[in-house]
Structure formats: C-alpha cells, structure tokens
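Look at the fold below before you read on. Keep it in view as you go, and find each part as it is named.

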Amino acid sequence: MSKRVSRPIMQWLPKGWMPKAVAVDIDGTLTDSNKEIHTGAIKALRRLERAGITVILATGNVRAITYGLWRFLNLSGPMVCENGGVIWHPDWNGPIVRADGTRARRAAQYLSDKIGVDSKGITTNVWRESEWCLFTDENLDEIKKCISMSEFSDLSVVKTGFAIHLMEPHLSKGEGLKIALEKIGIEPSDVLAIGDAPNDISMFKVVGHSIAVGGSFDSLAAVAKVISPFERAETFEPLVDFILNQ
C-alpha cells in the first residue's frame, strides 16, 4: 500500500490578516512550463470568488487571452494586462491603455537591424496594445546592451519564462494594479499577490502580502513574503484551503 504524501504545514498569511482581493499572474503561476493550466488552481480561484474575495488576473499576457480565461472562470475583478499597460473590466467604458506600443515595436525593429533578433516576436503580439514581446531564446544581454546605446534606452526590458518584454518605463504590474484597485475601491494593503517572474516584483512591492510559487525566478523569491513549497499552480489548493479555513 502506498503511503499518503502529507502537505507541509504552512503559515501562508500573516496571523489575523485576510485579503479582500487576490491578484494572480497567469503564465507560470496558473500554468506549467508548457502553458498547460492547472485545473485544481481554477477550482481554487472559483472558491475564493464564491467566498467574496475578488480575483484579479495580473499578467504580461494580452487582453484577448486574459478575457477568455476571466470569462470562463466567471471572475469579478478587473484585468491587469501587458504588465500594467492595459487595465480593463467589461463593465467599464473601454480599457485603460497606458501606452500605444509604438516605440516598443520600433525598438524591436531596431534590434532586428542591429543584432538580428526576430522583430515579429511571439504570436500574441498581433493583439498587443501597449508593449512588444520577443522570444525568450534571444540573447538578453545583447538586447539590453543594444537598447542602452540607442534612442530607446529609457524602455524597460524584462524577461519572464515566456517572453522578453519591451515596454515604456512607466508600465509595470504594480502601477497597473494600483489603478485597477482604485477603480474598485480596494486598498493595496488588503491584497494578496501571487506570481513567478521578475515582472511580478513591482506588484509584490505594492500589496499587503505576496507569495512566490515554487519554481519562481530567484529575483522574485527574494522579495516575496512567502515562498510556496509547491510547484507553480499546485500552490493554489492548499493556499485557498488555508485562507478559507482561518
């Protein structure tokens, strides 16, 4: 007979603290490295919503893909897309688009001319509204060096597990999340953020509590309040059990 594997006992949240909203990254947090979504995590997010805790998708992904997930999960919170470049809820009078992506696209073409990167970038660029993304196998150090010596030196260059993002310097998940929270009347101090990559750092810095999923980038784990012992989306079931059983 096989032994049942017990879960580690975790103090996921500060004692006496309960989030009013949970801001969740998608790629690498709700999914694995193959972009396969974890069904247990989906059920866990639905449990949060049924308990009256608003779930906000905060992602580097585009609005079209984020909306599809939001709709099928039947979530209530706004969406923070493209690393804070686009903030939206279907009930609002259109999205808040904080940059038009023109300079990011021009920077990608500049990089193509100078060092031969694929300026078309990743598939979802066809829907991007505020930034531009290159493939992760491009040389990050060369890209940063080339950008730093160009007219695009002020752009942010951020690598995640799924893309290299080129974006205006004022864009970040943290700033986008603050705008979304102001729209729905929730203070950042009442929010739990969950993520896996460097583009989640700004979000972790503005919220009341943060959790890096297992397998996160070291740079994110360094600023997280808690590091999950569970790999990526496997974090959600025990975490939500803890939240709802306090």
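The paragraphs below go from the sheet to the helices and then to the cores.

This is a predicted model, in which local features need pLDDT of at least 70, side-chain atom pairs count only at pLDDT 80 or more, and totals for chains, interfaces and linings use all residues. Residues are numbered from 1 along each chain as its sequence is written, and side-chain values use heavy atoms, with hydrogens and water left out.

Some terms come up throughout. Helices (H or I, at least four residues) and strands (E, at least two) are DSSP runs, numbered from the N terminus. Two strands pair if DSSP finds at least two bridges between them. Buried means under 20% relative accessible area, exposed means over 50%, and partly exposed lies in between (1.4 Å probe, protein chains only). Contact means heavy atoms within 4.5 Å.

Start with an open sheet. It has 3 strands in the order 6-8-7, with antiparallel pairing. Which strands stand at the edges? They are strand 6 (132-134) and strand 7 (156-159). Each has a single partner strand, so one side of each is left without a neighbour in the sheet. Neighbouring strands are turned by 25 degrees against each other on average, direction ignored. For such angles, axes are lines fitted to C-alpha atoms, for helices over the stretch in contact, and angles run from 0 to 180 degrees between N-to-C directions.

Now follow the pairing. Strand 7 and strand 8 (residues 164-167) are joined by 4 bridges. One pair is Val157 with Leu166 in strand 8. A hairpin of 4 residues links strand 7 to strand 8. On the other side, 3 bridges pair strand 6 with strand 8, again antiparallel. Here Leu134 has Ile164 as its bridge partner in strand 8.

In a regular strand the side chains alternate between the two faces of the sheet. Strand 8 is covered on both faces. Ile164 and Leu166 are buried on one side, His165 and Met167 on the other.

Two helices meet this sheet. Helix 3 (residues 102-115) packs on it and touches strand 6 and strand 8. The direction of helix 3 makes about 30 degrees with that of strand 6. Helix 4 (residues 140-148) lies across strand 6, strand 7 and strand 8, at about 175 degrees to strand 7.

Next, find helix 5 (residues 173-184). The expected span of a helix is 1.5 Å times one less than its number of residues. For the 12 residues of helix 5 that gives 16 Å, and the end C-alpha atoms are 16 Å apart, which agrees. Which residues of helix 5 are buried? They are Lys173, Gly174, Gly176, Leu177, Ala180 and Leu181. They cover an arc of only 160 degrees around the axis, so they sit on the same side of helix 5. That arc is taken from the directions from the helix axis to the C-beta atoms. Among the elements they pack against are strand 1 (21-24), strand 9 (191-195) and helix 6 (201-206). Just after helix 5, Gly185 takes a positive phi of about 75 degrees.

Helix 6 holds Ile201. At 19% relative accessibility, Ile201 counts as buried. Leaving out residues up to four places away in sequence, Ile201 touches Ser219, Leu220 and Val223.

Helix 1 (residues 39-50) is next. Its buried residues are Gly40, Ala41, Ile42, Ala44, Leu45, Leu48 and Glu49. Their cover includes strand 1, strand 2, helix 2 (63-73) and helix 8 (236-244). Gly52, just after helix 1, has a positive phi of about 90 degrees. In helix 8, the buried residues are Phe236, Pro238, Leu239, Val240 and Ile243.

Finish with the cores. A nonpolar core is a set of buried Ala, Val, Leu, Ile, Met, Phe, Trp, Tyr and Cys residues joined through side-chain atoms within 4.5 Å. The largest one has 34 residues, and those with the most contacts inside it include Leu30, Leu45, Leu48 and Phe236. Helix 1 gives the largest share of this core, 5 residues. A second, separate core of 20 residues includes Ile56, Ala58, Ala212 and Ala224.
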